[in-house]
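Student: I am new to this structure. Please take one part of it and go through that part closely, including what it packs against.

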Amino acid sequence: EDEGNEDAIGGGDARARGEILHALLDAFAATPEPDWPRIAKAIAPQGADAEIVSEATAVVRAPDLGHIFGPTSLGEVDICAPLTELGGAHLSGRIDRLVVEPDRVLAVDFKSNRHVPRRPEDTPEGILRQLGGYRAALVQIWPDRNVELAVLWTRTAQLMPIPHDLAAAALARGAALDQDPIAS
């Protein structure tokens, strides 16, 4: 999704475009490729924008992203947990793709932004904060596994690992703003 980011691509409604793209990615990952045209028509009954379908197809076909859509992954995973990092407030969200392996867990967030940062440090603060919250919650569920974070930039079919300290710092900055009565 591209919530809070005016840099989202596509004409008109970036949120609607992001929702269609997410739905296509999940559906394509779960079905054989010959069925993709039928699925695209079902997800976007007025005819899926060719650019969106092409973007989703390129992502799911990308050989280096196969593990994101493989048998150890889950799509659209709801998560809710109290976070000490937020003073006990609950995080409630949906992880776009969760890869669960015996020694690690990888939380992947899909972003369809027009501008793809070159470095994790250039990732928009809201995305980093979101990933920091996901990691804090996932560590509670899987304390014995390495919890990793990444953004899948759909425009370029690029998986960008996000260092957990970068995401944790963004989460902490957000929590400090929420507690500061002047920062309204």
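Tutor: What follows is a close look at helix 1 and its neighbours.

The model is a predicted one. Helix 1 covers residues 14-30, which is 17 residues. At 1.5 Å a residue this helix should span 24 Å, and its end C-alpha atoms are 24 Å apart, so the expected and the modelled span agree.

Next comes burial. The buried residues of helix 1 are Ala-14, Arg-17, Gly-18, Leu-21, His-22, Leu-24, Leu-25, Asp-26, Ala-27 and Phe-28. In general, an α-helix has 3.6 residues a turn, so residues three or four places apart point the same way. The partners of the buried residues of helix 1 include both helices and strands: they pack against helix 2 (36-43) and helix 3 (50-61), and also against strand 1 (73-82), strand 2 (90-100) and strand 3 (104-111).

The two helix partners can be taken in turn. A pair of packed helices is described by the angle between their axes and the distance between the axes.

For helix 1 and helix 2, the angle is about 150° and the axes are 10 Å apart. Their crossing is right-handed. On the helix 1 side the contact is made by Ile-20, Ala-23, Leu-24, Ala-27 and Phe-28, and on the helix 2 side by Trp-36, Ile-39, Ala-40 and Ile-43. Sorted by class, this contact has nine nonpolar residues, with no polar and no charged ones.

Helix 2 also holds Lys-41. Lys-41 has a relative accessible area of 60%, which is over 50%, so it counts as exposed. Between Lys-41 and Val-53 there are 9.8 Å in space, C-alpha to C-alpha, and the two are 12 residues apart in sequence.

For helix 1 and helix 3, the angle is about 40° and the axes are 9 Å apart. The two helices are therefore oblique to each other. The crossing of helix 1 and helix 3 is right-handed. From helix 1, the residues in this contact are Arg-17, Ile-20, Leu-21, Leu-24, Leu-25, Phe-28 and Ala-29. They meet Glu-51, Ile-52, Val-53, Glu-55, Ala-56, Thr-57, Val-59 and Val-60 in helix 3. By class, the contact has 11 nonpolar, one polar and three charged residues.

One last detail concerns a strand on the list of partners. Strand 1, against which buried residues of helix 1 pack, contains Glu-76. Phi of Glu-76 is near 50°, a positive value in a residue other than glycine. Glu-76 is partly exposed, with a relative accessible area of 26%.

How values were computed: Residues numbered from 1 in each chain as written. Predicted model: local features only at pLDDT ≥ 70, side-chain atom pairs only at ≥ 80, totals over all residues. Heavy atoms only, no water. Helix = DSSP H or I, 4+ residues; strand = E, 2+ residues; numbered from the N terminus. Expected span 1.5 Å × (residues − 1). Buried < 20%, exposed > 50% of the residue type's maximum accessible area, 1.4 Å probe, protein only. Contact = heavy atoms within 4.5 Å. Axes fitted to C-alpha atoms, helices over the stretch in contact; angles between N-to-C directions. Left-handed = near helix turned anticlockwise from the far one by under 90°. Nonpolar A, V, L, I, M, F, W, Y, C, P; charged D, E, K, R; others polar. Parallel < 35°, antiparallel > 145°, perpendicular 65-115°, else oblique.
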